[in-house]
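This report concerns the contacts made by charged and aromatic side chains. Please consult the sequence and the structure shown below.

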Amino acid sequence: NDTATTEIYTLSLHDALPICNSIRKELLPLLSKRYNPGIKNSLCRLSAQLTPVYDSLHNKAKVELKKYILAGNKKSCVLDISRLLKLHPGLRSEIIRLVIEDVKGDLRGITYQNLLDIENILSQSSGWTCLNLPHGLTVTSEHNCLSFYGPASLPDKLKAENTADSIRGSFQIGRASCRERV
């Protein structure tokens, strides 16, 4: 199930414990019995191999992020879309995750599908696109700017149009100026 997989991707340790316990007590024994008796060892080896790769990607994203910020503070951030699009998709995704974590304070409630939606608005070539994400996070794209706003930093111009409480993960298309919203 893709939903379950994407939810695990961003859950906090506390929230993930019931899912982890279910995987450990139910799914792994089933996989071990039916398909691969060494599944636990295989997953441990895979984790050991991927952990340094992810750590390296995360550290690279922290360094690179500074090069792509056009404006921002702890409650909002504006990135250069044309430069972001030149990055490897993995590095770009990690930079976006870092920005969300910085603006929102954590990644709770942000799913893999939300990250795909952000990738989708990066590829929009014209107009203004607004994406309302969980917990009042708003992402807009216009004039080569990808802007992230926390609930407290949403510009007045967007507040009237923002329906983050009623439509999660929705797109809105309209007109506005990136410079006016920074």
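## Aromatic rings

The number of aromatic pairs in this predicted model is zero. The count rests on rings of Phe, Tyr and Trp whose centres lie within 6.5 Å. A ring does, however, take part in a contact with a charge: the charged end of Arg 83 is placed over the ring of Tyr 68. The distance from that charged end to the centre of the Tyr 68 ring is 4.6 Å.

## Salt bridges in the structure

Side chains of opposite charge can pair when their charged atoms come close. How many salt bridges does a search of the whole structure find? The search gives five. Among them are the contacts described under the next two headings, which involve helix α3 and helix α5.

## Helix α3: contacts of Glu 64

Helix α3 covers residues 39-68. Within this helix, Glu 64 forms a salt bridge with Lys 60, with a distance of 3.3 Å from N to O. Because Glu 64 and Lys 60 are four residues apart in helix α3, about one helical turn separates them. Glu 64 also meets Lys 67 in a salt bridge, and here the closest N and O atoms are 3.0 Å apart. Lys 67 and Glu 64 are three residues apart in the helix, so their separation is again about one helical turn.

Is Glu 64 buried or exposed? Its relative accessible area is 8%, so Glu 64 is buried, since buried means under 20%. Lys 60, by contrast, is partly exposed at 44% relative accessibility, and Lys 67 is partly exposed with a relative accessible area of 45%.

## Helix α5: Glu 94 and Arg 97

A further salt bridge links Glu 94 with Arg 97, whose closest N and O atoms are 3.4 Å apart. Both residues belong to helix α5, which spans residues 89-104. Because Glu 94 and Arg 97 are three residues apart in this helix, they are separated by about one helical turn.

Glu 94 has a relative accessibility of 4% and counts as buried. Arg 97 is buried as well, with a relative accessible area of 11%.

## A shared network

Which residues are joined into one network by salt bridges that share partners? The network consists of Lys 60, Glu 64 and Lys 67. Glu 64 is the partner of Lys 60 and also of Lys 67.

Key
Residues are numbered from 1 along each chain as its sequence is written. This is a predicted model: local features need pLDDT of at least 70, side-chain atom pairs count only at pLDDT 80 or more; totals for chains, interfaces and linings use all residues. Side-chain values use heavy atoms; hydrogens and water are left out. Rings of Phe, Tyr and Trp (its six-membered ring) pair if their centres lie within 6.5 Å; planes under 30 degrees apart count as stacked, over 60 as edge-to-face and the rest as tilted. A charge sits over a ring if NZ of Lys or CZ of Arg is within 6 Å of the ring centre and within 35 degrees of the ring normal. A salt bridge is a side-chain nitrogen of Lys or Arg within 4 Å of a carboxyl oxygen of Asp or Glu. Buried means under 20% relative accessible area, exposed over 50%, partly exposed in between (1.4 Å probe, protein chains only).
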